[in-house]
Amino acid sequence: MVDAGDSGRRSPFGSRLLGPREQDPRRLRLRIRLLLTAMLLATNLAGAVVTLVINLWAVPAPAPSHTLKIAMAIGIPVYVLVGAIVGVLWGTAASLRALRWATEPGLVPDMEDRRRALRVPLHLTAIQFVIWFGGCVLSTAILTQLQPSRAAMTGLTILIGSIVVAGIAYLLCEFALRPVSARAMSGIQVTRPVRGVGVGPRMVLFWIVGTAAPVLGLLTIASLGLHNSHATLDQLAIVTIATCVVVLLTGFVLTDLNARSVRAPILAVRDAMLGVGHGRFEEVAVYDGTELGALQSGYNEMVRGLREREKIRDLFNRHVGQEVAEAATAAETGEISLFGETMIATVLFVDLVGSTAYAARRPPAEVVSVLNRFFGVVVDEVDREHGLVNKFIGDAVLAVFGAPAHRPDHAAAALSAARMIASRLAAEVPEVGAGIGVATGTVVAGNVGHEQRYEYTVIGDAVNSASRLTDLAKDLPGGVVASWDSVIAARDAGSSEAGLWIEAGATTLRGRSTPTLLALPNPASLGG
C-alpha cells in the first residue's frame, strides 16, 4: 500500500493505486475489484501459511500422525482454495451490489446507499472471519477424531489467526474503498465518526488484534504445554520464539497499516493548507469515517468560507478600488480613519465630448463597446500610477491620487496618468473625444452615507477645480489641462514629470473669484 508523503500530495486518496479524485465509474469498479481481490487473497494466503507453520512446528504437542498428515495435505489446500474462492466471490459480489451507485454512471445515491457503502469494509471483514472461523471449527472436529491431543491447540491457533487476518483485511478494505467513501461522504458535514469507532478506540482495538490476541493465545498454548507430558524444553523454547516472531510480525503489520490510514488524511489536509498559503483554495477528498474525516470536512468548510471571503474581497476591490479596500481593512484596526480626513491630494477628472449625440446616432451595442474601451484606458492608467478610480459618473470618471493612503508624489502620478490617458484615448478610442483636468489642493476624504451602506469619496476645492478644468480641456488641443499648482507640487516632490508641462496662462474658473494658473503638457510628451 503506497502511502508516502509525495504520493499523498499527488493523489487525493493518499496513494496512486487509488487513482484520481474524478474517475470513470467503470474504471473505478475494475480498480476496486482488482485491489480487493489481490489484497484479500494475499492476506488470507499469508495467514494460512503462518498458521500452518505454527501448528506444525511451534505447538507443544505430539507430532502429527501419518493419517493426520494425509488429511492436512489434502484438507488444508482444498479449504484454503475453496475459502478464497467463496470469499472473493461472496465478498466482491456483496460489495459491488452495495457500491453499484458509485461504480455505474448516472446513479444518484440516497442516504441508505451512502450508509451501505461505508459499511462495506466491515461486511468484508465479517466474511473473512466467518470463513476462517469455519476452518477453525472444521479443523478442530477433524483433529478430535484423528488426533485429539492436538485439537485444542490447533483450534486456538486458527482462531487467533482468524482475528489477525480479519483485522488486516479491514484496514486493507478501508484503503481500497477510499474513492467510494469519498463519494459516499460527499456533501455531508462530518462532525463525528460515521463508520466504526473513532481514532483512539480503533488504536486500542488493533493493539488487541495485533498484539494482545496473539500473545494471550500463544501464552495459553504455552501454558497447556507445561501440563503436556510430551512437551520438552526445546518445544517450549520454540513456542516462546514463535510467540515473539508472531507478535512482532502481526503487530508491525497492523500498526503500520493503521498508522498509514491515520497519516494519509493528515497529510492531505497539511498539503492543502500549504496551498492555501499560496492562494490555492482547494478542497480535499473526505474519505475517512473517523475524527480524521471530521478534520477533512472541517478543513473543506474553512476553505469554502475563505473562497467566499476572497470572492467578496475581489468584488469589494473592484467596486471601491484596492487602496480603499485595504484602507477599510486598516480602519477596522484603527490604523487609518475613513470617517473624514482633511488632506492634500490631486484629483483627475475625465469626461467624454459629445457622448450624448454619439449615443443617439449609434447602435447601443457599439456605444457600450466604446464606453468600455474608454473606461478600460482610464482605469489601466490610473491603476498604473497607483491612483484610485473613485467613481464613474455617467460617461465621466473621477480619480484621486494621495487618498486614502497619503503619498508624496501624488501630483506627479496624476499628471503622468493624464498624459498617458490622453495619448491612449486618441489612439484607441478615436470615435469620441475627451477632456482631462488635473487639480491639486485640499480635500476632505472619507466615508459618507449610512452605517449600513458607505461610499468612500472626496470633496473639496480640488474636485471642483478638476471638473471645471475638464470642461476647459475639451476645447484645447490635446484635451488635457492642469492647474499650475499640480506642476509645482510634482516639482517639490522631486519628480521629473514637472519638466513635461509648460505654463499656459491663467483663467478664472466658474465658481471662483481668483484666477487659476494653467499648465499644458508638452505636445511631444503626449506620444507617451
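How much space lies in the second largest pocket? In this predicted model, the answer is about 630 Å³. The close-up views below begin with that pocket and then visit other spots along the chain.

**View 1. The second largest pocket and the helices that line it.**
Welcome to the pocket of about 630 Å³. Its lining is made of 30 residues, and the closest to the pocket centre are Ile76, Tyr79, Val80, Ser139 and Ile158. To find your way around, look for helix H2 (25–58), helix H3 (66–98), helix H5 and helix H6 (151–176), each of which supplies at least two residues of the lining. H3 gives the largest share, with eleven residues. By residue type, the lining divides into 19 nonpolar, ten polar and one charged.

**View 2. Gly83 of helix H3 and Gln128.**
Here we look at Gly83, whose place is in helix H3. Is Gly83 buried or exposed? With a relative accessible area of 12%, Gly83 is buried, because the cut-off for buried is under 20%. Gly83 and Gln128 are 45 residues apart along the chain, and their C-alpha atoms are separated by 8.8 Å.

**View 3. Phe129 and Phe133, a stacked pair in helix H5.**
The model has four aromatic pairs, and one of them is formed by Phe129 and Phe133. Their rings are stacked, at 6.0 Å centre to centre and with 20 degrees between the planes. Why does the angle make this pair stacked? Planes under 30 degrees apart count as stacked, and the angle here is 20 degrees. Both residues belong to helix H5 (residues 111–146), where being four residues apart separates Phe129 and Phe133 by about one helical turn. Phe129 is partly exposed, with a relative accessible area of 30%. Phe133 also counts as partly exposed, at 40% relative accessibility.

**View 4. Phe375 and Phe392, an edge-to-face pair between a helix and a strand.**
For another kind of aromatic pair, turn to Phe375 and Phe392, which are edge-to-face at 4.9 Å centre to centre, with 75 degrees between the planes. Phe375 lies in helix H13 (residues 364–384) and Phe392 in strand E2 (residues 388–393), so the pair ties together parts that are 17 residues apart in sequence. The two partners can be told apart by their exposure: Phe375 is buried, with a relative accessible area of 16%, whereas Phe392 is partly exposed, at 47%. Which residues form one aromatic cluster here? Phe374 joins Phe375 and Phe392 in that cluster.

**View 5. His386 in the loop between H13 and E2.**
His386 is found in the loop between H13 and E2. What is notable about its backbone is a positive phi of about 60 degrees, although His386 is not a glycine. At 52% relative accessibility, His386 counts as exposed.

**View 6. Ala359 of helix H12 and Val370.**
Ala359 is found in helix H12 (residues 355–361) and is partly exposed, with a relative accessible area of 37%. How far apart are the C-alpha atoms of Ala359 and Val370? They are separated by 9.9 Å, and the two residues are eleven residues apart along the chain.

**View 7. Gln23 and its side-chain contacts.**
Gln23 sits in the loop between helix H1 (5–10) and H2. Gln23 is buried, with a relative accessible area of 9%. Follow its side chain to the backbone oxygen of Pro20, which it reaches at 3.1 Å. The Gln23 side chain also makes a polar contact with the side chain of Arg31, again at 3.1 Å.

**View 8. A cis peptide bond at Pro404.**
Is the peptide bond from Ala403 to Pro404 cis or trans? The bond is cis, with omega near 5 degrees. Pro404 lies in the loop between strand E3 (396–401) and helix H14 (410–428).

**View 9. Helix H15 from end to end.**
Our last stop is helix H15 (residues 461–473), which has 13 residues. At 1.5 Å a residue, H15 should span 18 Å, and its end C-alpha atoms are 18 Å apart, so the expected and modelled spans agree. Which residues of H15 are buried? They are Ala462, Val463, Ser465, Ala466, Ser467, Leu469, Thr470 and Ala473.

Technical notes: Residues are numbered from 1 along each chain as its sequence is written. This is a predicted model: local features need pLDDT of at least 70, side-chain atom pairs count only at pLDDT 80 or more; totals for chains, interfaces and linings use all residues. Side-chain values use heavy atoms; hydrogens and water are left out. Rings of Phe, Tyr and Trp (its six-membered ring) pair if their centres lie within 6.5 Å; planes under 30 degrees apart count as stacked, over 60 as edge-to-face and the rest as tilted. Buried means under 20% relative accessible area, exposed over 50%, partly exposed in between (1.4 Å probe, protein chains only). On a 1 Å grid over the protein atoms alone, a cavity is a set of points where a 1.4 Å probe fits but cannot get out, and a pocket is an open set with protein on both sides within 12 Å along at least five of seven lines; lining residues have an atom within 4 Å of a point. Grid points are joined across faces, edges and corners, and a volume is the space filled by probe spheres set on the points. Ala, Val, Leu, Ile, Met, Phe, Trp, Tyr, Cys and Pro count as nonpolar, Asp, Glu, Lys and Arg as charged, and the others, Gly among them, as polar. The expected span of a helix is 1.5 Å times one less than its number of residues. A polar contact is a pair of N or O atoms within 3.5 Å; within protein, one must be able to donate a hydrogen and the other to accept it, and residues adjacent in sequence count only if both atoms are side-chain atoms.
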